[in-house]
Amino acid sequence: MRLNPVTAIDGYKVDHRRQYPDNTEIIFSNLTARTTRRDYTDEMVFFGLQHFVKDFLIESWYKDFFQQPKDEVIRRFARRINNYLGPNNVGTQHIADLHDLGYLPIKIMALPEGTVYPVRVPCLVIYNTDERFFWLTNYLETILSTNIWGMCTSATTAHEYKKILTQYALETDGGTEFVNWQGHDFSFRGMFGAEAAMMSGAAHLLSFTGTDTIPAIDFLEDYYGANSDLELVGGSVAATEHSVMCAGGMDNELETFRRLIEDIYPEGIVSIVSDSWDFWLVMTDFTVRLKDKILARNGKVVFRPDSGDPVNVICGDANAPVGSPEHKGAVECLWDVFGGTTTSKGYKLLDAHVGVIYGDSITFERARAICAGLKAKGFASTNIVFGIGSYTYQYVTRDTDGFAVKATFAKVAGQDREIFKAPKTGDGTKNSAKGLVAVYKNAEGKLYLKDQATWDEVNQCEFIPVFENGRLLNETTLAQVRARLAATL
C-alpha cells in the first residue's frame, strides 16, 4: 500500500491550521527523547532521518502529491476528510496552495546520524520556511515520529549490546574483533511487518555485522550509500533449523550432524540446532563421536541450543548435580571435548573448530549475565554469539525512551513567542524546552541543550541542515554513521 502523504497524519491534526492564532507565521518544533525506561543507559543513538527524508519527504510527496494532477489531489483529500469527519469547514485551499508551490516548505536541522546524545537533548528541529504554511510543521509530526523513534530505539539497543560485549571482550579476550559478529539479528519474523524489520535491522547493523534480516542490507544500500560489493554491510553463515534436524529422525540425529559437517559443509562455518531432543546428549556424546571429523574441517561447527534458561544452558546451573553436563553448561562441555587456548587475559577460549550461539529470549540483562557467568568460570566472553531477536527489538514503544515532537517557538503577527508545556499534573517528564533550541558540546565533549536560543545559535550549533524546501542538503553513508558511533565506545 502507498501512503497518501497529505493524509498520513493523526486525524486530530486535520484542522489545526485554523486553530493556531490568527496571523501565525512560523512554528518551530523539535524531536526529543524525554526520558528512558532503560536502567542501563541515559543516552540515545540518533539514526533514521535520512531514510525518512528520502523515502517520505522527497519520494512520497513528489510521486504521490506534487506530480499528481491538482484536481485529483484535492478530490482525494476532500473525499477522505469528509468521509472521516463528516461535512466540515476544513477546506482544501491550503492543500491547493501547497500543490501550486511544488515542494515542501520545511527545513530540518539535526545532529549527525550515529551521534550518541543524552536523553532530554533534542536530536532535530523542524520549522516552516514559507509563512503561508506554518501549519505544516506539526502536521508532519506523526509521520516524523513513527519513522524515527523506532530506529533510534533499536540503534540505541544495539549500541548498548555492543558496549557490554566490548567491555567483556577486552576483559577476557584482549581483543574486540569478534564482537562485530557476536550480536546477530534474529528479529525479522517477530517484527510488526517487513518494513519494521528492515528499519530495525538497519539500526542493528550500525553496531554489528551479523544479521538474518537480509532486507536490512538492501535498506542500507537504498538509503545510506552502502555497497555490499565494496564493504561488509551484513552477513551470516550456513545454518539449520528444527525442521531440518527433525526431518532426519530422532534415531538418526547423529547421522544428520555427520552429513552436515562432512558432506554438505566440509569447510567453513555451519550453525546446527542441537536441542531438538537431547541437547546434553549432543554436547557429551555426539561431540565425542564427531570430534575427529570436526577437528579435521577447515572451519567451525557452531552448536545452537534453543530452549531452557539461556544463562544456565551456556554457563551451567549451580543447582544441577555437580559434574553433570547441566552443571557445567555448554561452553565447559565443549571445552572438555575439544579444549582450546588461553587468551592474553588468562581466560579459556574454545578451539577454533567449535562455538556456541544462543538466540532464544536473549535480553540485554541475560547477555550481560552470560558474559559475567563465563568470566566467573574462567572462560572468555567471546566463546558465545547472541541471536538478538524481536523480544529485544519489538518489545518496545515510543515511550521506552519518551520520544515526542513538541513545538517550542512561534512567530505570530511578526512577534516571537516562546511556547512550552509544563503540566502541573505531571512528574516533569512531559515538560518541554522553551523557545528556539540549540545543542552544544561542553568542555568534556558532552552534548547539552540550550533553549531560549537565538536563530544564530540554532544555525551555528551542533545541528547540521539536512532538508530544506524539498531537497536533501547533507547526505551521510553507513560507513560514516558506523565510524561516528564506534568512536564513542
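Which residues lie nearest the centre of the largest pocket? Good morning. Before I answer, a word on the source.

This is a predicted model, in which local features need pLDDT of at least 70, side-chain atom pairs count only at pLDDT 80 or more, and totals for chains, interfaces and linings use all residues. Residues are numbered from 1 along each chain as its sequence is written, and side-chain values use heavy atoms, without hydrogens and water.

Now to the pockets. On a 1 Å grid over the protein atoms alone, a pocket is an open set of points with protein on both sides within 12 Å along at least five of seven lines, and a lining residue has an atom within 4 Å of a point. The residues nearest the centre of the largest pocket are H184, F186, S271, I357 and V385, out of 45 that line it. This pocket holds about 1100 Å³ of space, a volume being the space filled by probe spheres set on grid points joined across faces, edges and corners. Strand β13 gives the most to this lining, with 4 residues; strands (E, at least two residues) and helices (H or I, at least four) are DSSP runs, numbered from the N terminus. By class, the lining of the largest pocket has 18 nonpolar, 17 polar and 10 charged residues. Here Ala, Val, Leu, Ile, Met, Phe, Trp, Tyr, Cys and Pro count as nonpolar, Asp, Glu, Lys and Arg as charged, and the others, Gly among them, as polar.

The second largest pocket has a volume of about 750 Å³. Among its 26 lining residues, T146, N147, E195, A196 and M199 lie nearest the centre, and helix α6 gives the most, with 8 residues.

Let us stay with α6. How do the axes of α6 (residues 141-172) and α16 (residues 364-376) cross? They come within 10 Å and cross at roughly 5°, where axes are lines fitted to C-alpha atoms over the stretch in contact, and angles run from 0 to 180 degrees between N-to-C directions. The two helices are therefore roughly parallel, a label for angles under 35 degrees. Residues of α6 including Y161, I164 and L165 meet residues of α16, among them F364, A367 and R368; contact means heavy atoms within 4.5 Å.

Finally, the structure holds 1 cavity of 30 Å³ or more, a cavity being a set of points where a 1.4 Å probe fits but cannot get out. Its volume is about 40 Å³, and K13, H16, R17, Y20, W135, N138 and Y139 line it. Thank you.

Notes. Parallel < 35°, antiparallel > 145°, perpendicular 65-115°, else oblique.
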